[in-house]
Amino acid sequence: MSELPFGAGARGIGMTSQRTRDRMIARLREKGIRDETVLAAMASVPRHLFVDEALASRAYEDSALPIGFEQTISQPFVVARMLAELRDGRPLGRVLEVGTGCGYQAAVLAQVASEVYSIERIAGLLERARANLRALRLANLRLVHGDGARGLPDAAPFDGIVVAAASPKASELLLQQLAVGGRMIAPLGAEEQALCLIERTTKGFTEKWLDAVRFVPLRAGKQ
Ligand code: SAH
């Protein structure tokens, strides 16, 4: 993992300091997150830089926060849980994230995977994510404007796919872009949602249901 140039230049001190971030990590541990690689990545990414300045003091609470365009930044526990399940203790190669939002999870992913593609359907949000991510200089992260439910056939196959918006069923197009041995994690369900971990094997797909969650809906088309 690379050393990141965040510390000194990051906005503000106090509620946005490394110590505050470390407390968030301690809470994630208490809630059962054991993947040290994911925890180290989350300890290094300054989540407060991904939310509006007025919300920066709340950036390390374990909650989702608004990021504009009626979307939210995912709750830290859910980010940790998704990435730990995706990794399953192994290094990740090429990963696709559907739903860049403000770019926070993409920044964490870029610490734990060798190559990351993140796709967002709302152009204005993608621009914001680009601005949030600029200072972090993540050379292995590519942002794409498009409909993530269709995946990125040109960059497939992926070792991992993380979907950050909910749909009633898993997208067939996304499943087809998984490498054999690859895993996809997505919030699925119509009324009630839960995280579903799907693995592609030589014989087909296996699925495992995890925590109940609440994500914004996956929508078709670009905006
Ligand atoms: N990953 C973000 C959370 C994003 S919220 C984080 O780090 O906190 C979910 C995002 O998915 C929203 O920005 C929404 O616009 C986007 N989204 C919804 N449907 C999509 C689609 N079909 N393709 C790409 N992005 C989509």
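**Entry 1: the cut-off I need**

I call a residue buried when its relative accessible area is under 20%, and exposed when that value is over 50%, with partly exposed in between. My notes are on a predicted model. I started with Phe50: its relative accessibility is 3%, so I put Phe50 down as buried.

**Entry 2: Phe50 and its partner**

Next I looked for aromatic pairs and counted 2 of them. Phe50 and Tyr104 make an edge-to-face pair, with 5.7 Å from centre to centre and 75° between the planes. I then checked where the two rings come from. Phe50 belongs to the loop between α2 (36–44) and β1 (65–68), while Tyr104 belongs to helix α4, so this pair ties together parts that are 54 residues apart in sequence.

Is Tyr104 buried or exposed? Its relative accessible area is 1%, so Tyr104 is buried. Tyr104 has another neighbour that I wrote down: the charged end of Arg47 sits over the Tyr104 ring, 5.4 Å from the ring centre.

**Entry 3: the pair with Tyr117**

I moved on to Tyr117 and Phe158. Their ring centres are 6.1 Å apart and their planes meet at 70°, so I logged this pair as edge-to-face. Tyr117 is part of strand β4 and Phe158 is part of strand β6 (residues 158–163), so the pair links parts 41 residues apart in sequence. For burial I found 11% relative accessibility at Tyr117, which makes Tyr117 buried. Phe158 comes out at 0% relative accessibility, so Phe158 is buried too.

**Entry 4: strand β4 and its neighbours**

Tyr117 made me curious about its strand. How many residues of β4 are buried? I found that 6 of the 8 residues in β4 (residues 113–120) are buried, so I described the strand as mostly covered.

I looked first towards β3 (residues 92–98), which pairs with β4 in the parallel sense over 6 bridges. In that pairing, Val98 stands opposite Ile119 of β4. To get from β3 to β4 the chain passes through helix α4 (residues 104–112), and I noted this β-α-β crossover as right-handed.

Then I looked towards β5 (residues 141–145). β4 and β5 are paired in the parallel sense as well, over 5 bridges. Ile119 faces Val144 in β5. Here the chain goes from β4 through helix α5 (residues 123–134) to β5, and this β-α-β crossover is right-handed. Tyr117, the ring from my last entry, stands opposite Arg142 in β5.

A reminder to myself for reading these strands: in a regular strand, side chains alternate between the two faces of the sheet.

I also stopped at Leu141, a residue of strand β5. Its relative accessibility is 13%, so Leu141 counts as buried. Leu141 and Val116 are 25 residues apart along the chain, yet their C-alpha atoms are separated by 4.8 Å.

**Entry 5: around the ligand**

Which residues are closest to the ligand? I listed Ser74, Gln105, Glu120, Gly148 and Arg219 as the closest among the 25 residues that surround the ligand.

I followed up with some polar contacts. A polar side-chain atom of Glu120 is 2.6 Å from a ligand oxygen atom, and Glu120 lies in β4, which spans residues 113–120. The side chain of Glu97 has an N or O atom 3.0 Å from a nitrogen atom of the ligand, and Glu97 falls within β3, residues 92–98. At Gly99 I found a polar backbone atom 2.9 Å from a ligand nitrogen atom.

**Entry 6: two spots that are not buried**

I wanted a look at partly exposed places too. Gly32 is in the loop between α1 (18–30) and α2. Its relative accessibility is 39%, so I called Gly32 partly exposed. Between the C-alpha atoms of Gly32 and Arg94 I noted 26 Å, with their positions 62 residues apart along the chain.

Pro217 comes in the segment after β9 (205–213). At 43% relative accessibility, I entered Pro217 as partly exposed. The C-alpha atoms of Pro217 and Gly189 are separated by 10 Å, and the two residues are 28 apart along the chain.

Note on methods: Residues are numbered from 1 along each chain as its sequence is written. This is a predicted model: local features need pLDDT of at least 70, side-chain atom pairs count only at pLDDT 80 or more; totals for chains, interfaces and linings use all residues. Side-chain values use heavy atoms; hydrogens and water are left out. Buried means under 20% relative accessible area, exposed over 50%, partly exposed in between (1.4 Å probe, protein chains only). Helices (H or I, at least four residues) and strands (E, at least two) are DSSP runs, numbered from the N terminus. Two strands pair if DSSP finds at least two bridges between them. A crossover is right-handed if, with the strands pointing away from the viewer, the path from the first strand over the helix to the second runs clockwise. Rings of Phe, Tyr and Trp (its six-membered ring) pair if their centres lie within 6.5 Å; planes under 30 degrees apart count as stacked, over 60 as edge-to-face and the rest as tilted. A charge sits over a ring if NZ of Lys or CZ of Arg is within 6 Å of the ring centre and within 35 degrees of the ring normal. A residue is near a molecule or strand if one of its heavy atoms lies within 4 Å of it. A polar contact is a pair of N or O atoms within 3.5 Å; within protein, one must be able to donate a hydrogen and the other to accept it, and residues adjacent in sequence count only if both atoms are side-chain atoms.
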